[in-house]
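Me: Please take me through the structure below, and let each term be justified by its definition.

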Amino acid sequence: MKCKRVSRIDLVLEGGQWSGGDSTQVEMIATPLPMQPTGYVIKSWAEKPYGTIKTLTVDAVHDGHALAVRLQWEVPPATTTDFPPAVAFALPVKATSPLVLMGMAEAPMHILRWQGGAQAGVRSVLAKGIGSSNHGPDVGQKALARQDGNRFSVVITRVLGSGAGAAPLKAGTTTKIGFAAWDGGNEERAGIKSFSVDWLDLVLAA
Amino acid sequence: MSKRQVAMVMDLNKCIGCQTCTVACKTLWTRNEGQKHMLWNTVNTQPGQGTPHNWEKMGGGFRNGEPQPGHRPGVGDFGKAWDFNYKEAFHGGEPGVRLAPLGGEPGQGPNHDEDVGGGTYPDNYFFYLPRLCNHCTHPACLEACPRKAIEKREEDGIVLINEDHCRGFRFCQEACPYKKIYFNEARGISQKCIFCFPRLDQGVANACARQCPGRLRFVGYLDDPDGPIHKLVHKYGVALPLHPEYGTEPNVYYVPPLSPSKHDADGKPTGEMQIPLDYLESLFGKKVHQVLALLIDEREKNRKGEKSELMDILIAREWIKNFGPFDKHPRSIENIKVVVK
């Protein structure tokens, strides 16, 4: 995935840095049911389809100081309002572990996760395994979101650079990126979600 | 596995449905943002829908050791307390304005079927069933949580939700077969009865138990042979868990209710209890038959002036002994500050 260098990043959903974009269609699948962390989750979702978000349309740009990622997707009509829509991208802090493992002790992943609803906002999360996610470092994360019917657009930004627990980002280098999305209208939350199966290359232009 | 287990016993023969326990709990713990609908302690009329409405049909718990899918009760299921037009009715000065719920049809409140009960006259019957989190030995909520945000305290087996770890996934609500977990929509976290652990930590019994005018609640450790809990649960075996078939091994126990005799066509007592035994069996399991028989025997001994330790305990002649080691006065606590780590 290319991360084009632009002159300036604004927290906008359209126009500006997104003009003439080079979107990537990221295929998503449901997380494996046997890997859910509790017997209750496995049993209660055994007969219920999840991972309804099949594709994320992703754009990424940076201006030498900040990264902006725009994520767009559609969901089927909601069956509940109990859970919020959510989307996240993950970056490796050091080495990469299989994305499906949500990081490992020696290979944590740094996640920026946006969710809508009553507690709307973007959180920085550090994960070292399934069910282990905890507060992550402050990387100046911000988000802007819009819902048009069943279609969502979310922009998440953070500063480049590195720090304790933060996934390092530097212009002119390549790192990895992975994605997850939750269809809250289908009661998707926690490990019940869509994910991008494997890491993708994120090439930050010099 | 906890080293010890605190437990509560409630003698249903003494509950008068006054809701003092409910108010004591509400006043102490659930007056903050997002907690309006929360009643960690409830008292409902049996037979009845309970709170949340029809909770016994909402699933969860374990069958043959396997977790069972359950319904996730919402605010509407718990029943919203009604707000009334007090200002207009009492101070508005408009003739014809009567006291009424605000917002038109208010829906079912949390205790909407109070005193309805079952049966037909003259053998209609009901009894009150106070409920709180059962602080189970095998907590379905704890096992369901993908974030391990629910803990069972090693020192006393109290089950607590760590609010810093909870992300509001609400699997615990689905998994709890007793439906005693609430969701705080304002904070995005699940909350429930904490068994007044900050009081217990300082030797003071739970607010619901301490405030009970009927003196029907007992608190203590299951393994304390001198305490009321051990005697009622193990020595005499008269305290039974609610719905043991749910498989979570609750640590709140009930002394099942005796009831007056049914009547024949001439109005004479038949000797058969008004509360159907099969109904009580559906709540407390097959042991309820022998428990009721023992209670009748011990009551008779007491009537004859014979010594009955069991009746002495249940009558609560020495009320403070209801609380085992938690017999300090609440005034002995300078300041309760809840810190859940």
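The turns that follow set computed values against the definitions behind them.

Reply: This is a predicted model, in which local features need pLDDT of at least 70 and side-chain atom pairs count only at pLDDT 80 or more, while totals for chains, interfaces and linings use all residues. Residues are numbered from 1 along each chain as its sequence is written, chains are lettered from A, and side-chain values use heavy atoms, with hydrogens and water left out.

Me: Why is the pairing of A:D82 and B:R72 called a salt bridge?

Reply: The term requires a side-chain nitrogen of Lys or Arg within 4 Å of a carboxyl oxygen of Asp or Glu; the N to O distance between these two side chains is 3.0 Å, so the pair qualifies. The count between chain A and chain B is four salt bridges.

Me: How many residues of each chain are in contact, and what area is buried between them?

Reply: With contact meaning heavy atoms within 4.5 Å, 20 residues of chain A touch 22 residues of chain B. The buried area, which is the accessible area (1.4 Å probe) lost on putting two parts together, summed over both, is about 1800 Å², and carbon and sulfur atoms give 50% of that. On the side of chain A, A:Y40, A:K43 and A:R189 supply 35% of the area which that chain buries against chain B, more than any other three residues.

Me: Which residues of B:L232's surroundings count as its contacts?

Reply: Leaving aside neighbours within four places in sequence, B:L232 is in contact with eight residues' worth of partners listed as B:V9, B:F218, B:G237, B:V238, B:A239, B:L310, B:I313 and B:L314.
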